[in-house]
Amino acid sequence: MTAGPAPMSSACFPAVALVAGASSGIGAAVARRLAARGSAVALVGRRAPELMSVAAGIRADGGTALPIGLDLSADGGPEEAVARTEDRLGPVELLVCSAAAIRLADVHETEPRHWERQLRVNLTVPFLLARRVLPGMRARGRGWIVTIGSGVGSETVPGSGAYGVSKHALNRLTELIHEENRDHGVRAVTVSPGWVATRLAARPADLGVDSAEVLTPEDLADTVEWLVDRPARMSVGPLVRVEPAARHANAAAAMTRHVGARRARTAAHGAVTTTPREEG
Ligand SMILES: NC(=O)c1ccc[n+]([C@@H]2O[C@H](COP(=O)([O-])OP(=O)(O)OC[C@H]3O[C@@H](n4cnc5c(N)ncnc54)[C@H](OP(=O)(O)O)[C@@H]3O)[C@@H](O)[C@H]2O)c1
């Protein structure tokens with residue numbers, strides 16, 4: 001696969017970005033936006049056709065995209081993603097962690113294997129990716145670690161289970177990276193969205209919410225673009241919450257209704273049901 005020609009990046013904007021979870025949703029939108037601003041972007045995810053499609057769109061617009069199809073939860077996956085990016089595009093100046101697994105359940109109903117998987121994808125993968133890129137960023141005196149968290153990482157929502165726990169811990173991981181690296185030119189932020197219209201979230205109509213009231217992936221791309229375009233003297237966060245304006249569409253309200261609807265389906269069918277996007 002060819003990476004395509006590299007457009008010029010502005011002085012402060014990251015020249016090379018690795019986006020984990022770039023095959024759809026927020027990660028795809030962020031990757032497109034970074035490429036439009038001149039970053040050479042590595043796109044990581046499991047679904048090769050979707051990655052190729054995002055890469056083709058970026059290249060058609062004159063940008064540089066390197067699709068890397070792999071499972072980040074596999075042993076060595078994060079390290080391989082960084083190695084392939086650095087080999088083809090150069091040192092990673094911006095790491096965006098958008099990949100996530102979600103399986104909602106009360107604690108006593110959470111299967112250990114679902115717990116392990118969500119903690120692995122949502123917390124350990126960002127740790128392993130950050131661990132791999134941070135030494136180079138510190139040595140160069142510049143870099144960004146941006147993780148996509150969740151409003152339910154900051155609010156205790158019954159039924160948010162291992163997903164909520166992993167996002168809560170991700171906030172702390174970002175705070176640690178921020179404090180440990182701020183004097184080395186490296187900035188770390190968790191962008192923590194409420195309800196965004198993607199395949200991972202409930203459909204607004206299913207929960208009686210107007211689709212115009214929820215966020216779009218482009219809203220999050222706007223946020224990430226703005227963050228990483230700040231001058232070196234400026235730090236934002238390390239936790240930045242981005243929520244729908246309407247209270248009934250915010251993260252806690254949306255998750256509470258989503259969990260309630262899931263319970264109703266389970267009661268009606270006599271067994272645990274999942275939404276199409278929940279995975280174990
Ligand atoms: N949508 C919302 O309402 C909402 C709200 C709060 C927070 N968030 C957060 O936003 C982030 C992006 O989610 P989204 O809404 O954009 O959903 P999405 O479209 O499902 O994006 C998730 C991405 O993660 C990738 N991924 C998952 N497991 C992976 C693995 N093992 N290896 C490699 N890639 C993997 C998926 O790619 P493959 O399937 O191709 O591997 C996909 O590109 C997540 O961190 C999520 O927790 C979303």
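In the predicted model, an oxygen atom of the ligand sits 2.6 Å from an N or O atom in the S24 side chain. The side chain of Y163 also takes part: one of its polar atoms lies 2.5 Å from a ligand oxygen. V196 contributes through its backbone, with a polar atom 2.8 Å from an oxygen atom of the ligand. In total, 31 residues surround the ligand. Of these, S24, I26, R46, Y163 and T198 come nearest.

I26 also belongs to the contact between helix 1 and helix 6. Two packed helices are described by the angle between their axes and the distance between the axes. Here, helix 1 spans residues 25-36 and helix 6 spans residues 217-228. Their axes come within 8 Å and cross at roughly 50°. An angle from 35 to 65 degrees falls outside the parallel and perpendicular classes, so helix 1 and helix 6 are oblique to each other. The crossing is right-handed.

Helix 1 supplies G25, I26, A29, V30, R33 and L34 to this contact. Helix 6 supplies P217, E218, L220, A221, D222, V224, E225 and V228. By class, the contact has nine nonpolar, one polar and four charged residues.

A further local feature follows helix 6. P238 is placed in the loop between helix 6 and strand 7, the latter covering residues 239-242. Most peptide bonds are trans. The bond joining G237 and P238 is cis, with omega about 15°.

Note on methods:
Residues numbered from 1 in each chain as written. Predicted model: local features only at pLDDT ≥ 70, side-chain atom pairs only at ≥ 80, totals over all residues. Heavy atoms only, no water. Axes fitted to C-alpha atoms, helices over the stretch in contact; angles between N-to-C directions. Helix = DSSP H or I, 4+ residues; strand = E, 2+ residues; numbered from the N terminus. Parallel < 35°, antiparallel > 145°, perpendicular 65-115°, else oblique. Left-handed = near helix turned anticlockwise from the far one by under 90°. Contact = heavy atoms within 4.5 Å. Nonpolar A, V, L, I, M, F, W, Y, C, P; charged D, E, K, R; others polar. Near = heavy atom within 4 Å. Polar contact = N/O pair within 3.5 Å; in protein donor to acceptor, adjacent residues only side chain to side chain.
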